[in-house]
Structure formats: structure tokens, C-alpha cells
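Here are some notes to read alongside the model. Have it open and follow the points in order.

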Amino acid sequence: MAKKIRWGLVSTANINRRVIPALRASERGELVGISSRNRATGEAYAARWEIPRVFDGYEAMFASPDIDAVYISVPNHLHAPLSIAALEAGKAVLCEKPFALSLEEVDRVRETAARTGGVIAEAFMYRHHPQTKRIGEVVEGGRLGTLYSMRATFNFKINSPKNVRLVPEWGGGCLWDVGVYPISLAQYVMGAPPDVVLGRQWIGASGVDEHFVGQLHYKDGRAAQIICSFSSPWHTEAEILGSDGRLHVTRPFVGMEEAERRLTLIRADGGREEIPVPEEYLYQGEVEDIHDALLEGKPTYVTLEETRNHIHTALALYRSAAAGRPVELGELV
């Protein structure tokens, strides 16, 4: 493996603009190429972002000996198939969420990674950020006492009916797009996926869920609430409640302004404590995590088991919303 990991971008998706600075800031990586189904689109993108090489399609990039790792940011329905193709070609993969749209797809990716010895991780950038790790320290350190519940919200408004997030056959829907963040945070805070879920969705003219509310229930009585939407103004926050206090979190998932990231511990006696959040570029951690895996042999921070549980929980919520009843995760194999 080269001393610097040579990266390729799979697609010209808008989210790339957040990952490119992280790749260029890393001392262990470099951005080498862009791949697109349309050559002209790829060339225009490469010129705009000063990317040295344009590949004629994703397969050409996967076949190239000049690429070590790829960042997959195509529409949701292509995440698993292209991850498998990249792993088969010997590339490390940082795959945007949702990692897949079925448990069968997740398992095929896991099998491919195990068989090839490849490195792959779901791109939950917020999980690597110091703010999220501080949340874990507060909870695991017992500063909230006995943990009872949490809630997390991630909303933003889509104004264009042509947005790819609204295409049903491409894995559109707010739960898949932004709801998986609160699902992931709930799993991180609670230490496990839920046992039973209850979901309610509002389907828009697009045919996908444009507003979704979910309840996640655990055997020991703990619960989490998630809210996500494509039809309300941009908003994201979280709150975790325990017997000795509550933790309020601003910008738990996105928001590039570090000054806006705050953790406030409100104790049972009414006292308040602002917990400092170290500054770090939001997308830097997920890139360095792949570098750690490739150059130092470390396991990825977000495991494939966690990722499978993310997808499992989302699928159970969708089934619950469609059936109008609670769903046990054990109902989905």
C-alpha cells in the first residue's frame, strides 16, 4: 500500500463538497480521481474541484491500480451493489448512508468484505466527531444516572420535486436519508438496537415518506423517539434523559460551524454545565478512520454489525408504519 491512500470519488453528488476538504487536509491521503456515468459531467466536475483524473464510469475506477479507496455517494439503491463491486476489485470503501436498503444487501456486502479481506465502513461522519464521543463519555460515565429515554430530530425542507431523495425506486424517503442519523444515535446511546418499534409516516405526492416519527422500545423499559422530515425548516437537536439529569445536544449530526456545537448537562438539582466540544472538521474523522484501517490495520470505528442494526431498525420502522402496528425486530430476518 502506498504511503498515501489514493482516493476516488464515485459520482459527482453534492455531498462530495464536504468530503473533498477532508481528503485534502489529510497527510495520509490524496484525491486522485472522479468517476461519473457521463464523461462530460465528470470532466466539468474535475475542472471545478481541480481533480487530476476522470474515469469513464465507476467500473473503470474500480479496475484502476492507481486507486486505493473510494467514496461512494451515488443514490441509495446503488450503495450496496457498487460497494460489492469495489470490494471485489480490491478497493477500500467509505459508503454513504444508508449502507443498503435490505438486510440481504447488507449481508452480501459483509460476505464480500470477509471473503476479500476488504475494508468498508458506513459514512456516519458525526459518529467520529468529538461532540458525539463526549456524549458517550457522559452516558457511560454515569453522569445522567439511570438512562431512561432520548429523542433526536433531523429535519429539512426539500423544495424541488426533482430531488433524488424523492424517487421511490432509488430508495427515497426521509427515514432513509436523515432518519437514519437519529436511529444511529439511539443505538450508540442505548448500546443496542431496539426490541420493538412503532412508526408513523406521511407519504407525499412523490410517493415517499416526507415526514416520519418513530418510537424505539427496549426490554428494560428505555425508549427513544426519532423525528425526521423533508417538509419542515432545517432543524436538528437531541436530548438524553436519565435519573440524575439530562443532556441537551445542538447540531448532533450536521452544521459546519463549530461554535454552534454545544453540550449542556442539566442536573436534577437545576445546575447547568457546558461541556466543551473540541473543534474538528466534521468529515475528517471518517476519512482518517479508513486510513487507520488501511495503514495501521485497525478495525473501522463504525462496525458492520452496527450498520446492519441501523438498516434492521429502519426496515422495522417502515414495516410498522405500513402495517399500522408495533413491529418486533425479530420479525425481520
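1. A word on helix axes before anything else: axes are lines fitted to C-alpha atoms, for helices over the stretch in contact, and angles run from 0 to 180 degrees between N-to-C directions. Helices (H or I, at least four residues) and strands (E, at least two) are DSSP runs, numbered from the N terminus. Keep in mind that this is a predicted model, where local features need pLDDT of at least 70 and side-chain atom pairs count only at pLDDT 80 or more, while totals for chains, interfaces and linings use all residues. Residues are numbered from 1 along each chain as its sequence is written, and side-chain values use heavy atoms, with hydrogens and water left out.

2. Now the helix pair. The axes of α1 and α9 (residues 284–296) come within 8 Å, crossing at roughly 50°. That makes α1 oblique to α9 (under 35 degrees counts as roughly parallel, over 145 as roughly antiparallel, 65 to 115 as roughly perpendicular, and the rest as oblique). The crossing is right-handed, meaning the near helix is turned clockwise from the far one by less than a right angle.

3. Next, the largest pocket, with a volume of about 900 Å³. It has 32 lining residues, and the closest to its centre are Ile 15, Arg 17, Lys 97, Arg 165 and Asp 177. α1 (16–25) and α8 are the elements that give two or more residues to this lining, and α8 has the largest share, with 3 residues. On the grid (1 Å, over the protein atoms alone), a pocket is an open set of points with protein on both sides within 12 Å along at least five of seven lines; a cavity is a set where a 1.4 Å probe fits but cannot get out, and lining residues have an atom within 4 Å of a point. Points are joined across faces, edges and corners, and a volume is the space filled by probe spheres set on them.

4. What is the pocket lining made of, by class? There are 15 nonpolar, 10 polar and 7 charged residues. Nonpolar covers Ala, Val, Leu, Ile, Met, Phe, Trp, Tyr, Cys and Pro; charged covers Asp, Glu, Lys and Arg; the others, Gly among them, are polar.

5. Two of those central residues deserve a second look. Arg 165 sits in the loop between β7 (147–155) and α8, and is partly exposed at 31% relative accessible area (buried is under 20%, exposed over 50%, partly exposed in between, with a 1.4 Å probe and protein chains only). Lys 97 leads into a cis peptide bond to Pro 98, with omega near -10°; Pro 98 lies in the loop between β5 (92–95) and α5 (103–116).

6. There is also 1 cavity of 30 Å³ or more, holding about 40 Å³ of space. Its lining is Ile 135, Gly 136, Val 139, Glu 140, Tyr 188 and Val 189. α7 (130–140) and α8 (174–190) each supply at least two of these, with α7 giving the most, 4 residues. Among the buried residues of α7 are Ile 135, Gly 136 and Val 139.

7. Last, some backbone checks. Most residues other than glycine have a negative phi, and most peptide bonds are trans. Ser 11 has a positive phi near 105°; its place is the loop between β1 (5–10) and α1, and it is buried at 8% relative accessibility. Arg 251 also has a positive phi, about 50°, and is partly exposed at 21%.
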